[in-house]
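The exercises below concern a protein complex, shown next. Work through each task before reading its solution.

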Amino acid sequence: MSDADTPILIATNISKRFGHTQALDDVSVSFRPGEVHALMGENGAGKSTLGKVIAGLHAQNTGTVVLDGRELIPGSLDDAFQAGIRIVHQELAQCPNLSVAENLSLHDMPKKRFTVDFAEMERRAAKLVHQLDPNIDVTRPLGYLSPGRRQICQIAASLDQDESGKTQAKVIVFDEPTSSLSISEALVLMDITRELAAMGLTIIYVSHRMSEIFTCCDRVSVLRDGRFVATNVVRDIDEPTLVEQMLGRRITTPDAKHASSPIAEAIEETLADAGATHDSSAVDAKKIMLSVRNLRSPGKLRDISFDLHPGEILGVGGLVGAGRSELMDAIFGLDRLASGEILVDGEPVPAKHPQSAIDAGIGYVPEDRRNQGLFFNLGIDENILAPIMARLAKPMGIRSLDKELDAVESRVEKFQIKTASLRETTPGELSGGNQQKLLIARWMMKGTRVLLLDEPTRGIDIGTKTEVYKLINQAASEGDAILLVSSEMPELLALSDRILVMGEGQIKGELVGDEMTQTNILTLATSEEQHAGATSM
Amino acid sequence: MLVIIMMMGLLTVYGMFTDPIEQKTRIELDENAVVKLVDRDGNEHDRLARTQIAGYRVVLDGEVRNYSSKDIERYDSSARTLIEVKEVNRFLNKSNLVLIAKDASFFAIIAVGMTGVIILAGIDLSVGSIYGLSAIVGAMALQSLPADTGWIIAVPVALLVCMTVGTLCGLANGAMSVGLGVHPFVITLGMMAVLRGLTVVIPQELFATQSISGFPSSFTTGFFKAEFYGVYPVPVIIMILTAVVGWFVLAKTVFGRRVFAIGGNETAARYTGIPVGRVKVLVYTITGALCGLSACAYLGYYGAAETNAGNAYELQVIAATVIGGASLMGGRGTVIGAVLGAIIIQLINNTLIIFEVDTSYNQIVMGAAIIVAVVIDQTKQRIQAKRA
């Protein structure tokens, strides 16, 4: 079938930069009609970015996307749409308050003189939606549907037809379509994916779920660090080979912790140079600093228990959506619905409120600097002091400017935060690295014994990263217990004494010593059933 | 701030180039005073033709005061009075400025609290109604006091009653919007109607009247409408004190900084252990209490409470904070700005009166002024952001 083997969509030499990050570096992939073609890779490998470049959501810096022999305008969603490319977003980009039918016709509402022709709108919507799931009532508000059905409606929206009833879409990009779905919903979605391919559509399936690739995809292209690795026919490849392609090396020795990744080597080197190499012997295994017992939260966390020793860095690995940030939130008292016990140094943390957690000695650097961390209307000093300003204050809650200045100055110096002024400068004027250091500095106060760090080096340059690693190690060597969430495998492996791997809101397994390898983390994280060695205490 | 300075400057200049107004002062002469008429050469006369008079010289117990004939409209020797006439700038004169400040003070006091609310990215539409209800309840308390009650009792009683009512209303606003998780716009919109209803119903049912008066004079002319140097400065003084305290709380206390932190990034505030709910409730409560304080000053100054007191104040108060540089998106605003904003609003009213514009035009000018002020402020912000 030479016809089916001729590519319909060819992406050639695509490069894309975001600030300092090279998201895509000279990537070329071609897609055939009627195939489900997976784009796979670790977090940050560039698979989502490639999908968005193809759909015209991002403009590539160099390279071309050619559909049916015509070159598309870079970054033009409109042009891609006209050409027949649709994208089904990772985040459900819809209006939950409007009916399914309205959502499906937002860009082109049928009119009857001056009013909307609801009957026509519903007829059209039903036609599209019912070919995927006949049980969806298109007149109901979209928000009332389950996430799976919402996803189906979004797919249906991409199957819009012209007057003659012909589907206009040729290529549909699925960006992590199952990330918010349950397993059974995901299975339904994969069936639909196959059906669409059978209709002759090309499906670009961006995912990191191993099982899905083997269930519903024909070919899989692997990306790593923004570079193209290989395109494989799924039938001819096995899981270990795929993992190997994602990680970029042969898995020969079981002890791969200190090897092979340039980032890991850089970390080790700079830490050694700075005389701050993390020394696992600093861990006081007899004492328990943080103890989490049967922590649950409806829909987020399933029965999580673990202990953290003084001086220990406990890594938490897993893929996006595994429940790692939710775990941190729950420990810090931000999840009102969470149940279970949290003990710091043997003392239970009384109330589910961040203030109790702070009083107990827990500090938390959340994942999203901009939205969860910084006050852009306040100066550097107040950003650092937010959690302890009350502690420093004079009676009646009057600020003690002298004490505040002391506390800020010492920390800005220790953390080498580069800022023009302590009071006048706002975080918006700092670089990403300095913003991150500021947030860590926020918790470097007397009494902090447990540090929760969620992606502490996300989006900062390598130089600042090593500074942050040094600070983390320093805190640990001073006896702090550190819980570290990171999606950067080399970083996680280099810093952690132990690693918990999370998936689907539970701990899938614990890795110590030689078991701490990228392969093991990825295998545990993508495993569907609960791992045998899971710490279900 | 910039806007306010610009507007004041504009009015001053405008005031200078328009016809000044004549201010007449009657100077009563002492019985023992001797008045001499002075001619152009400086010689004194008892009698002189009107065209020859260059000035008047008043001698009393050896003290000599000279008046130029230009300044004296008329000398009445039998009534022993001099009518002095001075041309003053329409805008820049003592009594006009105090009048503006006084009129502004009633809602400027509330604007101090509203600044906190706006910084929180909240809103309080019920301030006018809280003000009205506090005034009515306070008036009932004052009316029941004997007419010869000293200010030492009347003032604290009135303050206590008015501010208690205000505090409770504010607490209800805060507790409901935080506790029920409903946007404060909705809660305070409801409260605005409910409280205004109570303000009308209470005097109607109890006294079958629309206004309550008859307060001890020690409370009115003895305190809130006390006269100093020909002006009535007490409401203005209360406004200044409130503003100073408000500035101190927002800038210098942990509570104040928490208000800014929550308004700047509520999620981050939660992630740093700031008790977001408690701070919010407190800000609404304080705003309610300030409505009560303002209502008390109003009772003392006007000596009566009307059921429509504070009608549409919410708009003036919010406008004042916004003109003063507060952002409805939260995280930004100053007390001083809000007070100056209130003065600006009053200034506009006053200007229109001075220039004899029909009062019906006030609303048009006021509305336009608000939009212009905010646009200028935003532009300034954008330029600053670009420079940073």
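**Exercise 1. The interface between the chains**

How many salt bridges are counted between chain A and chain B? Describe the rest of the interface as well.

Solution. The model is a predicted one.

Step 1. The count between chain A and chain B is 1 salt bridge. Its partners are R257(B) and E382(A), with the closest N and O atoms 2.6 Å apart. The cut-off for such a pair is 4 Å between the side-chain nitrogen and the carboxyl oxygen.

Step 2. Polar contacts across this interface come to 11 residue pairs, both residues at pLDDT 80 or more.

Step 3. On the side of chain A that touches chain B, two or more residues each come from α12 (354–360), α13 (369–373) and α15 (389–392) of chain A. The largest share is that of α13(A), with 4 residues. Sorted by class, this side has 17 nonpolar, 7 polar and 6 charged residues.

Step 4. In terms of contact, 30 residues of chain A meet 22 residues of chain B. The two chains bury about 1,900 Å² between them, and carbon and sulfur atoms give 60% of that area.

**Exercise 2. Two domains of chain A**

Which domains does the assignment give for chain A, and what lies between domain 1 and domain 2 of chain A?

Solution.

Step 1. The assignment divides chain A into domain 1 (2–247), domain 2 (261–361 + 452–529) and domain 3 (374–446).

Step 2. For domain 1 and domain 2 of chain A, the C-alpha centres are 34 Å apart. Contact involves 9 residues of domain 1 and 11 residues of domain 2.

Step 3. The area buried between domain 1 and domain 2 of chain A is about 1,000 Å², with 61% of it on carbon and sulfur atoms. The count of salt bridges between these domains is 0, and the count of residue pairs in polar contact, both at pLDDT 80 or more, is also 0.

Step 4. Helices α8 (210–216) and α9 (239–247) of chain A each supply at least two residues of the side of domain 1 that touches domain 2. The most comes from α9(A), which gives 3 residues. By class, that side of domain 1 of chain A has 5 nonpolar, 3 polar and 1 charged residues.

**Exercise 3. Salt bridges within chain A**

Where in chain A do the partners of the E120(A)–R123(A) pair lie? Place the pairs of R149(A) and K437(A) in the same manner.

Solution.

Step 1. Over all chains, the count is 28 salt bridges. Side chains of opposite charge can pair when their charged atoms come close.

Step 2. E120(A) pairs with R123(A), the closest N and O atoms being 3.1 Å apart. Both residues belong to helix α5 (residues 118–130) of chain A and are 3 residues apart, about one turn of the helix. Residues three or four places apart in an α-helix point the same way, because the helix has 3.6 residues a turn. E120(A) is partly exposed at 22% relative accessible area, and R123(A) is partly exposed at 48%.

Step 3. R149(A) and D133(A) form a salt bridge at 3.1 Å, N to O. R149(A) is in helix α6 of chain A and D133(A) in the loop between α5 and α6, so the pair ties together parts 16 residues apart in sequence. R149(A) is partly exposed at 29%, whereas D133(A) is buried at 10%.

Step 4. K437(A) and E467(A) form a salt bridge, with 2.8 Å between the closest N and O atoms. The pair ties together parts 30 residues apart in sequence, because K437(A) lies in helix α17 (residues 432–441) of chain A and E467(A) in helix α18 (residues 462–477) of chain A. K437(A) is buried at 1% relative accessibility, while E467(A) is partly exposed at 21%.

Step 5. A network of salt bridges links R324(A), E367(A), E455(A) and R458(A).

**Exercise 4. Helix α2 of chain A**

How many residues of helix α2 of chain A are buried?

Solution.

Step 1. Helix α2 (residues 47–54) of chain A has 7 of its 8 residues buried. Among them are K47(A), L50(A), V53(A) and I54(A).

Step 2. G56(A), just after α2(A), takes a positive phi of about 85°.

Key. Residues numbered from 1 in each chain as written. Chains lettered and ligands numbered in written order. Predicted model: local features only at pLDDT ≥ 70, side-chain atom pairs only at ≥ 80, totals over all residues. Heavy atoms only, no water. Domains from an automatic or database assignment. Contact = heavy atoms within 4.5 Å. Buried area = accessible area lost by both parts, 1.4 Å probe. Polar contact = N/O pair within 3.5 Å; in protein donor to acceptor, adjacent residues only side chain to side chain. Nonpolar A, V, L, I, M, F, W, Y, C, P; charged D, E, K, R; others polar. Buried < 20%, exposed > 50% of the residue type's maximum accessible area, 1.4 Å probe, protein only.
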